[in-house]
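Welcome! Here is a short guided tour for anyone meeting this structure for the first time. Have a look at the sequence and the 3D view, then read on.

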Amino acid sequence: MACPAATTARIGAPSLWRSERSPGGVLAGSASPRPSRAARDTRARASELQQAPPRPPASGPVPTHKVTVHDRQSGVVHEFVVPEDQYILHTAEAQDIRLPFACRHGCCTSCAVRIKSGQIRQPEALGISAELKDKGYALLCVGFPSGDVEVETQDEDEVYWLQFGRYFARGPVERDDYALELAMGDEIVVLSSVSAVGSL
């Protein structure tokens with residue numbers, strides 16, 4: 001936590017701290033500084049990004065669903081129960097079930113699965129395209145079960161290729177020797193010019 005005096009001492013820098021005033025308008029020197037409303041709001045938004053989105057309050061207990069994960073890498077089948085309002089990966093980890101993951105924010109393809117049956121709600125899955133979602137791919141780190149679901153882990157590189165391969169698969173890049181010769185020729189001309197100037 002930064003010292004309020006140091007924060008306000010920077011010329012032209014807005015202060016993230018505000019002073020507390022007593023009811024009479026006098027600064028309370030013994031009061032501990034509090035972050036400004038903007039700083040508190042920023043911290044609150046940052047912590048919200050780490051949590052599952054809020055669900056409307058239910059009249060009863062949150063429904064739970066059976067999740068079956070066929071882990072291709074280890075050859076193990078995991079079966080566990082996940083509340084409808086909890087991420088599948090987080091719930092698995094809370095039950096000491098190890099599944100592949102990396103970012104935990106839905107931005108990569110390490111925890112990608114192919115849905116064999118059931119549905120996964122994944123509004124924050126940025127790591128896979130809408131096209132792949134339509135083909136049955138999901139991310140466990142930001143996926144909520146909508147009912148009983150059975151999935152199979154995927155190779156991260158395979159999913160990455162499905163998503164981005166078409167952009168990189170336009171054929172081999174041909175070497176342009178003429179452009180290389182021109183570039184090398186320019187370097188030789190520049191070096192010759194520098195040598196000539198240096199000998200004057």
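## Two unusual loop residues

D96 sits in the loop that runs between helix 3 and strand 5. The model you are looking at is a predicted one. D96 is not a glycine, yet its phi is positive, at about 60 degrees. Is D96 buried or exposed? With a relative accessible area of 62%, D96 is exposed, because exposed means over 50%.

R104 is found in the loop between helix 3 and strand 5 as well. R104 has a positive phi too, of about 65 degrees, and R104 is not a glycine either. The relative accessible area of R104 is 31%, which makes this residue partly exposed. We will meet R104 again among the salt bridges.

## The sheet

Next, find the open sheet of five strands, whose order is 4-3-9-5-7 and whose pairing is mixed. Which strands stand at the edges? They are strand 4 (76–83) and strand 7 (137–139); each has a single partner strand, so one side of each is left without a neighbour in the sheet. On average, and with direction ignored, neighbouring strands of this sheet are turned by 35 degrees against each other.

As a general reminder, strands of a sheet pair through backbone hydrogen bonds, either parallel or antiparallel. Strand 3 (residues 64–71) and strand 4 take the antiparallel option, paired over eight bridges. To see one place where they meet, look at V69: the bridge partner of V69 in strand 4 is H78.

## The nonpolar core

In soluble globular proteins, nonpolar side chains tend to be buried together. Here, the largest nonpolar core has 27 residues. Which of its members touch the most other members? They are F80, L99 and L140. Several elements give two or more residues to this core: strand 3, strand 4, helix 3 (88–94), strand 5 (112–117), strand 7 and strand 9 (149–153).

L99 is a good residue to zoom in on. Leaving aside residues up to four places away in sequence, L99 touches V69, D71, H78, F80, L89, A92 and L140. V69 and H78, the bridge partners from the sheet, are thus both on the list of residues that L99 touches.

## Salt bridges

How many salt bridges does the structure hold? There are four, and three of them are described here.

One salt bridge joins the side chains of E158 and R72, at 3.6 Å from N to O. This pair links distant parts of the chain, with E158 in helix 5 (residues 156–168) and R72 in the loop between strand 3 and strand 4, 86 residues apart. E158 counts as partly exposed at 32% relative accessibility, and R72 is partly exposed too, at 41%.

Another salt bridge brings back R104, whose side chain meets that of E93 at 2.8 Å, N to O. E93 lies in helix 3 and R104 in the loop between helix 3 and strand 5, so the pair ties together parts that are 11 residues apart in sequence. E93 is buried, with a relative accessible area of 18%, whereas R104 is partly exposed at 31%.

A further salt bridge is formed by the side chains of K135 and E131, with an N to O distance of 3.5 Å. K135 is partly exposed, with a relative accessible area of 45%, and E131 is partly exposed at 37%.

Note on methods. Residues are numbered from 1 along each chain as its sequence is written. This is a predicted model: local features need pLDDT of at least 70, side-chain atom pairs count only at pLDDT 80 or more; totals for chains, interfaces and linings use all residues. Side-chain values use heavy atoms; hydrogens and water are left out. Two strands pair if DSSP finds at least two bridges between them. Helices (H or I, at least four residues) and strands (E, at least two) are DSSP runs, numbered from the N terminus. Axes are lines fitted to C-alpha atoms, for helices over the stretch in contact, and angles run from 0 to 180 degrees between N-to-C directions. A nonpolar core is a set of buried Ala, Val, Leu, Ile, Met, Phe, Trp, Tyr and Cys residues joined through side-chain atoms within 4.5 Å. Buried means under 20% relative accessible area, exposed over 50%, partly exposed in between (1.4 Å probe, protein chains only). Contact means heavy atoms within 4.5 Å.
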